[in-house]
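Visitor: Hi! I have a protein model open and I'm new to this. Could you walk me through it?

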Amino acid sequence: MTEPRTVQAPDSSSRGSVVESGALRGPQHGGFAALPPQQSHHADDPRRPAEPPAVGARGVRRALAAVLPSLVLVAVGLIAWQWFVTASGVRPQVLPSPLRVAEQGWAAREQIWANTLPTLQVTAVGFAVSLAIGWAVAIAIDFSPWLRRALTPLLVASQTLPIIAIAPLLIIWFGFGLLPKVVVIALVTFFPVAVGLIEGFASTPPAATNLLRSMGASRWQRFRLVRLPQAMPSFFTALRIAVTYAVTGAIFAEYVGATAGLGIYMSLQKNSFRTDLVLAAVVVTAVLSVTLFALTFVVERLVIPWHRRA
């Protein structure tokens, strides 16, 4: 009987030379399999694949490329506006120049900011109420076909109400406090949220629902695991539409009647023929709307990152 032969591995000092010289023989010769030589990973190695650019830098470049045409168009419009005012000599009470709007708006920045905070508060509260109502209505409709038939016509009818006629009545009924402004914002914004969720729930593939049903999942489990994730992209699309309406609704409600806010500020400056300050407040309103619109993308990236990767 042959005694087992003990094979001693080469030490670390001679391992490199043994590998490169082929001293480690393959199994067919009774030795070890030759180890592949280490590939060079230097920056100048042509065989090394190029590293992809950082995700953050790529995202910034993509965002800049998306907004650059709009910025160029706005700049061209401002230049044309400034040239027209300078060449025509129109009075500032009728049409102030962009430079005058910026100058007077900066001079009245404290007053404008003091009226911006109430508008932000009204927008936040009203939009939160709108989201709550929209989610409740959409989930109820998804769980009950009877409610779908009963509430869908009412949702459509709610958008036919003339807000310009309803808002003064709300001021008469509820005064100049927070409630009438919240009602106006909710009326303006809950419809896109509710419809976006309803359509998102309805877009769930039947095969996924049937699979969970065959596995014994309850109605709520099917909703939570399949229908809710399926509806989130549609929800964020509707959210971007609704959030821009929220600021507009708050301004309009304040314009009808309020004690503070950008809407009442515009009304007072208009009555004083300060068109430059009215336009300055309009610029602030636009900045608020664009900022809230951009924040929806951030929230979407945090809530459903898988959608953007897909």
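**Salt bridges and beyond**

Guide: Happy to! This is a predicted model, and a good place to begin is a salt bridge between Arg 227 and Asp 142, where the closest N and O atoms are 2.8 Å apart.

Visitor: Where in the chain do Arg 227 and Asp 142 lie?

Guide: Arg 227 lies in helix α9 (residues 219-256) and Asp 142 in helix α4 (residues 109-143), so this pair ties together parts that are 85 residues apart in sequence.

Visitor: Are Arg 227 and Asp 142 buried or exposed?

Guide: Both Arg 227 and Asp 142 are buried.

Visitor: How many salt bridges does a search of the whole structure find?

Guide: The search finds 5. Another one joins Arg 100 to Asp 276, with 3.2 Å between the closest N and O atoms. That pair also links distant parts of the chain, since Arg 100 is in helix α3 (residues 98-107) and Asp 276 is in helix α11, 176 residues away.

Visitor: What else does the side chain of Asp 276 meet in a salt bridge?

Guide: Arg 274, at 3.1 Å from N to O. Arg 100, Arg 274 and Asp 276 are therefore linked in a network of salt bridges, each bridge being a nitrogen within 4 Å of a carboxyl oxygen.

Visitor: And how accessible are those three?

Guide: Asp 276 is buried, at 2% relative accessibility. Arg 100 is partly exposed at 31%, and Arg 274 is partly exposed at 27%.

Visitor: Now a charged one on its own. Why does Lys 181 have no salt bridge?

Guide: The nearest side chain of opposite charge, Glu 254, is 6.4 Å away, and a salt bridge needs the atoms within 4 Å, so none is counted for Lys 181. Lys 181 is buried all the same. You'll find Lys 181 in helix α7 (residues 178-202).

Visitor: What is Lys 181 in contact with, leaving aside its neighbours within four places in sequence?

Guide: Its contacts are Val 122, Phe 176, Ala 253, Glu 254, Gly 257 and Ala 258.

Visitor: Let's switch to rings. How many aromatic pairs does the structure hold?

Guide: There are 7. In one of them, the rings of Phe 293 and Phe 297 have centres 5.5 Å apart and planes at 70°, so the pair counts as edge-to-face.

Visitor: How far apart are Phe 293 and Phe 297 along their helix?

Guide: They are 4 residues apart in helix α11 (residues 275-303), which separates them by about one helical turn. An α-helix has 3.6 residues a turn, so residues three or four places apart point the same way. Phe 293 is partly exposed at 33%, and Phe 297 is partly exposed at 35%.

Visitor: What sits over the ring of Phe 297?

Guide: The charged end of Arg 240 does, 4.1 Å from the ring's centre. Similarly, the charged end of Arg 219 sits over the ring of Phe 143, 4.5 Å from its centre. Phe 143 also belongs to an aromatic cluster with Phe 201, Trp 220 and Phe 223.

Visitor: Back to α11: what should it span, and what do its end C-alpha atoms say?

Guide: At 1.5 Å a residue, its 29 residues should span 42 Å, and the end C-alpha atoms are 42 Å apart, so the two agree. Its buried residues include Leu 277, Thr 285 and Leu 288.

Visitor: Last one: how many helices and strands are there?

Guide: The protein has 12 helices and 0 strands. Of its 310 residues, 31% count as buried.

Terms used:
Residues are numbered from 1 along each chain as its sequence is written. This is a predicted model: local features need pLDDT of at least 70, side-chain atom pairs count only at pLDDT 80 or more; totals for chains, interfaces and linings use all residues. Side-chain values use heavy atoms; hydrogens and water are left out. Helices (H or I, at least four residues) and strands (E, at least two) are DSSP runs, numbered from the N terminus. Buried means under 20% relative accessible area, exposed over 50%, partly exposed in between (1.4 Å probe, protein chains only). Lys and Arg count as positive and Asp and Glu as negative; His and the chain ends are not counted. Contact means heavy atoms within 4.5 Å. Rings of Phe, Tyr and Trp (its six-membered ring) pair if their centres lie within 6.5 Å; planes under 30 degrees apart count as stacked, over 60 as edge-to-face and the rest as tilted. A charge sits over a ring if NZ of Lys or CZ of Arg is within 6 Å of the ring centre and within 35 degrees of the ring normal. The expected span of a helix is 1.5 Å times one less than its number of residues.
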